[in-house]
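Work through the following exercises with the sequence and the structure side by side, and try each task before you read its solution.

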Amino acid sequence: MRIGELAARAGTTTRTLRYYESRGLLPARRTGNGYRAYDESDLRLLRQIRTLQDFGFDLEETRPFVECLRAGHPEGDSCPASLAVYRRKLDELDALIGQLSGVRDTVARQLEKAELARDGLAAEAEVPGGPEPVCELGGDPW
(Lines give C-alpha, C1' and ligand atoms only; values in the text may rest on other atoms or scores of the structure.)
Protein backbone atom coordinates (compact mmCIF):
# COMPACT_ATOMS: atom_id res chain seq x y z
CA MET A 1 0.00 0.00 0.00
CA ARG A 2 1.09 3.57 -0.49
CA ILE A 3 1.71 6.15 2.24
CA GLY A 4 -1.74 7.79 2.02
CA GLU A 5 -3.56 4.49 2.42
CA LEU A 6 -1.35 3.46 5.35
CA ALA A 7 -1.91 6.81 7.04
CA ALA A 8 -5.68 6.51 6.61
CA ARG A 9 -5.77 2.94 7.91
CA ALA A 10 -3.56 3.81 10.87
CA GLY A 11 -5.53 6.97 11.72
CA THR A 12 -2.56 9.29 11.32
CA THR A 13 -1.03 11.61 8.74
CA THR A 14 1.50 11.07 5.99
CA ARG A 15 3.69 13.66 7.70
CA THR A 16 3.73 11.54 10.87
CA LEU A 17 4.67 8.47 8.83
CA ARG A 18 7.56 10.31 7.22
CA TYR A 19 8.70 11.41 10.67
CA TYR A 20 8.57 7.83 11.97
CA GLU A 21 10.57 6.80 8.92
CA SER A 22 13.19 9.48 9.63
CA ARG A 23 13.46 8.18 13.22
CA GLY A 24 13.97 4.61 12.00
CA LEU A 25 10.70 3.30 13.40
CA LEU A 26 9.06 2.66 10.05
CA PRO A 27 10.92 0.99 7.19
CA ALA A 28 11.69 3.09 4.14
CA ARG A 29 10.95 0.65 1.32
CA ARG A 30 10.52 2.15 -2.14
CA THR A 31 8.97 0.86 -5.33
CA GLY A 32 10.76 1.08 -8.66
CA ASN A 33 9.21 4.47 -9.35
CA GLY A 34 10.29 5.84 -5.95
CA TYR A 35 6.97 5.63 -4.09
CA ARG A 36 7.00 4.44 -0.51
CA ALA A 37 5.56 0.94 -0.18
CA TYR A 38 4.05 -0.56 2.98
CA ASP A 39 2.36 -3.79 3.99
CA GLU A 40 0.25 -5.16 6.84
CA SER A 41 3.28 -5.59 9.09
CA ASP A 42 3.90 -1.84 8.84
CA LEU A 43 0.31 -1.17 9.83
CA ARG A 44 0.83 -3.44 12.81
CA LEU A 45 3.95 -1.47 13.80
CA LEU A 46 2.02 1.77 13.59
CA ARG A 47 -0.82 0.44 15.68
CA GLN A 48 1.69 -0.65 18.33
CA ILE A 49 3.29 2.81 18.34
CA ARG A 50 -0.05 4.60 18.50
CA THR A 51 -1.36 2.41 21.32
CA LEU A 52 1.77 2.98 23.39
CA GLN A 53 1.64 6.72 22.76
CA ASP A 54 -2.03 6.75 23.82
CA PHE A 55 -0.82 5.19 27.09
CA GLY A 56 1.71 8.00 27.59
CA PHE A 57 4.86 6.42 26.16
CA ASP A 58 7.06 8.83 24.25
CA LEU A 59 8.12 7.94 20.74
CA GLU A 60 11.57 6.70 21.70
CA GLU A 61 10.06 4.41 24.33
CA THR A 62 8.15 2.62 21.55
CA ARG A 63 11.36 1.58 19.78
CA PRO A 64 11.91 -1.72 21.68
CA PHE A 65 8.32 -2.76 20.93
CA VAL A 66 8.76 -2.00 17.23
CA GLU A 67 12.06 -3.89 17.15
CA CYS A 68 10.42 -6.85 18.90
CA LEU A 69 7.70 -6.99 16.24
CA ARG A 70 10.28 -6.66 13.47
CA ALA A 71 12.21 -9.57 15.00
CA GLY A 72 9.17 -11.75 14.33
CA HIS A 73 7.59 -11.90 17.76
CA PRO A 74 3.80 -12.04 17.55
CA GLU A 75 3.49 -9.34 20.22
CA GLY A 76 5.77 -6.34 20.48
CA ASP A 77 5.94 -6.50 24.25
CA SER A 78 7.34 -10.00 24.71
CA CYS A 79 11.04 -9.10 24.32
CA PRO A 80 13.32 -8.26 27.27
CA ALA A 81 13.82 -4.64 26.11
CA SER A 82 10.06 -4.11 25.89
CA LEU A 83 9.56 -5.53 29.36
CA ALA A 84 12.26 -3.18 30.67
CA VAL A 85 10.40 -0.20 29.17
CA TYR A 86 7.18 -1.38 30.84
CA ARG A 87 8.99 -1.57 34.19
CA ARG A 88 10.45 1.93 33.79
CA LYS A 89 7.07 3.32 32.80
CA LEU A 90 5.42 1.72 35.83
CA ASP A 91 8.08 3.24 38.10
CA GLU A 92 7.49 6.61 36.45
CA LEU A 93 3.72 6.30 36.87
CA ASP A 94 4.08 5.26 40.51
CA ALA A 95 6.21 8.35 41.16
CA LEU A 96 3.64 10.58 39.45
CA ILE A 97 0.82 8.99 41.43
CA GLY A 98 2.77 9.72 44.61
CA GLN A 99 3.27 13.35 43.59
CA LEU A 100 -0.38 13.75 42.65
CA SER A 101 -1.44 12.17 45.92
CA GLY A 102 0.65 14.76 47.78
CA VAL A 103 -0.88 17.59 45.74
CA ARG A 104 -4.35 16.19 46.40
CA ASP A 105 -3.69 16.11 50.14
CA THR A 106 -2.50 19.73 50.04
CA VAL A 107 -5.58 20.85 48.11
CA ALA A 108 -7.85 18.96 50.52
CA ARG A 109 -6.23 20.71 53.50
CA GLN A 110 -6.58 24.10 51.78
CA LEU A 111 -10.25 23.40 51.08
CA GLU A 112 -10.82 22.47 54.70
CA LYS A 113 -9.13 25.70 55.88
CA ALA A 114 -11.12 27.76 53.38
CA GLU A 115 -14.41 26.20 54.48
CA LEU A 116 -13.58 26.87 58.14
CA ALA A 117 -12.74 30.48 57.29
CA ARG A 118 -15.97 30.83 55.34
CA ASP A 119 -17.99 29.37 58.20
CA GLY A 120 -16.30 31.80 60.62
CA LEU A 121 -17.16 34.77 58.39
CA ALA A 122 -20.73 33.59 58.02
CA ALA A 123 -21.08 33.32 61.81
CA GLU A 124 -19.67 36.85 62.21
CA ALA A 125 -22.10 38.16 59.61
CA GLU A 126 -25.04 36.92 61.67
CA VAL A 127 -23.96 39.12 64.58
CA PRO A 128 -25.76 42.49 64.38
CA GLY A 129 -23.35 45.01 62.90
CA GLY A 130 -20.99 42.23 61.76
CA PRO A 131 -19.30 42.30 58.39
CA GLU A 132 -21.18 41.42 55.23
CA PRO A 133 -19.77 38.19 53.74
CA VAL A 134 -18.04 38.88 50.44
CA CYS A 135 -16.71 36.41 47.92
CA GLU A 136 -13.01 37.16 47.49
CA LEU A 137 -13.12 36.22 43.82
CA GLY A 138 -16.09 38.21 42.67
CA GLY A 139 -16.81 40.61 45.47
CA ASP A 140 -20.48 39.61 45.55
CA PRO A 141 -22.26 38.73 48.81
CA TRP A 142 -22.86 35.04 49.18
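**Exercise 1.** Is Leu 93 buried, partly exposed or exposed?

*Solution.* Begin with the cut-offs: a residue is buried under 20% relative accessible area, exposed over 50%, and partly exposed in between, with a 1.4 Å probe and protein chains only. Leu 93 has a relative accessible area of 36%, so Leu 93 is partly exposed. Next, place the residue in an element, remembering that helices (H or I, at least four residues) and strands (E, at least two) are DSSP runs, numbered from the N terminus; Leu 93 lies in helix H5. Finally, consider its company: Leu 93 belongs to a nonpolar surface patch together with Leu 90, Leu 96 and Ile 97, and the four have about 360 Å² of accessible area together. A patch is made of residues with over 30% relative accessible area and no salt bridge, where like charges are joined within 9 Å and nonpolar side chains (Val, Leu, Ile, Met, Phe, Trp, Tyr) within 5 Å. Accessible areas come from the Shrake-Rupley method with a 1.4 Å probe, and for residues only the protein chains shown count as cover.

Before going on, note that this is a predicted model, in which local features need pLDDT of at least 70 and side-chain atom pairs count only at pLDDT 80 or more, while totals for chains, interfaces and linings use all residues. Residues are numbered from 1 along each chain as its sequence is written, and side-chain values use heavy atoms, with hydrogens and water left out.

**Exercise 2.** Describe the protein as a whole, from its elements to its surface.

*Solution.* Counting the elements first gives 5 helices and 0 strands, and from the N terminus on they run α-α-α-α-α. Turning to burial, 25% of the 142 residues are buried. The protein exposes about 9600 Å², of which carbon and sulfur atoms supply 56%.

**Exercise 3.** Check whether the span of helix H3 agrees with its number of residues, and list its buried residues.

*Solution.* The expected span of a helix is 1.5 Å times one less than its number of residues. For the 15 residues of H3 this rule gives 21 Å, and the end C-alpha atoms are 21 Å apart, so the two agree. The buried residues of H3 are Asp 42, Leu 43, Leu 45, Leu 46, Gln 48, Ile 49 and Leu 52. After the helix comes Gly 56, whose phi is positive, near 100°.

**Exercise 4.** Why is helix H4 largely enclosed by the rest of the structure?

*Solution.* Helix H4 covers residues 63-70, and it is largely enclosed because 6 of its 8 residues are buried. These are Arg 63, Pro 64, Phe 65, Val 66, Cys 68 and Leu 69. Take Val 66 as an example, which at 1% relative accessibility counts as buried. If contact means heavy atoms within 4.5 Å, then Val 66 touches Leu 25, Leu 45 and Ile 49, not counting residues up to four places away in sequence. Now approach H4 from another helix: Ser 82, found in helix H5, is buried at 0% relative accessibility. With the same exclusion of residues up to four places away, Ser 82 touches Pro 64, Phe 65, Cys 68, Gly 76 and Asp 77. The side chain of Ser 82 also reaches the backbone oxygen of Gly 76 at 2.7 Å. Just after H4, Gly 72 takes a positive phi of about 100°.

**Exercise 5.** Trace the salt bridges of Lys 89, and then one that involves Arg 9.

*Solution.* A salt bridge is a side-chain nitrogen of Lys or Arg within 4 Å of a carboxyl oxygen of Asp or Glu, and by this rule the count comes to 10. Lys 89 pairs with Glu 61, the closest N and O atoms being 3.2 Å apart. Glu 61 lies in the loop between H3 and H4 and Lys 89 in helix H5 (residues 80-126), so the pair ties together parts that are 28 residues apart in sequence. Both Glu 61 and Lys 89 are buried. Lys 89 also forms a salt bridge with Glu 92, again with 3.2 Å between the closest N and O atoms. Here both partners lie in helix H5, 3 residues apart, about one turn of the helix. An α-helix has 3.6 residues a turn, so residues three or four places apart point the same way.

For the last step, the side chains of Arg 9 and Glu 40 meet in a salt bridge at 2.8 Å, N to O. This pair links distant parts of the chain, with Arg 9 in helix H1 (residues 3-10) and Glu 40 in helix H3 (residues 40-54), 31 residues apart.

Definitions and conventions
Polar contact = N/O pair within 3.5 Å; in protein donor to acceptor, adjacent residues only side chain to side chain.
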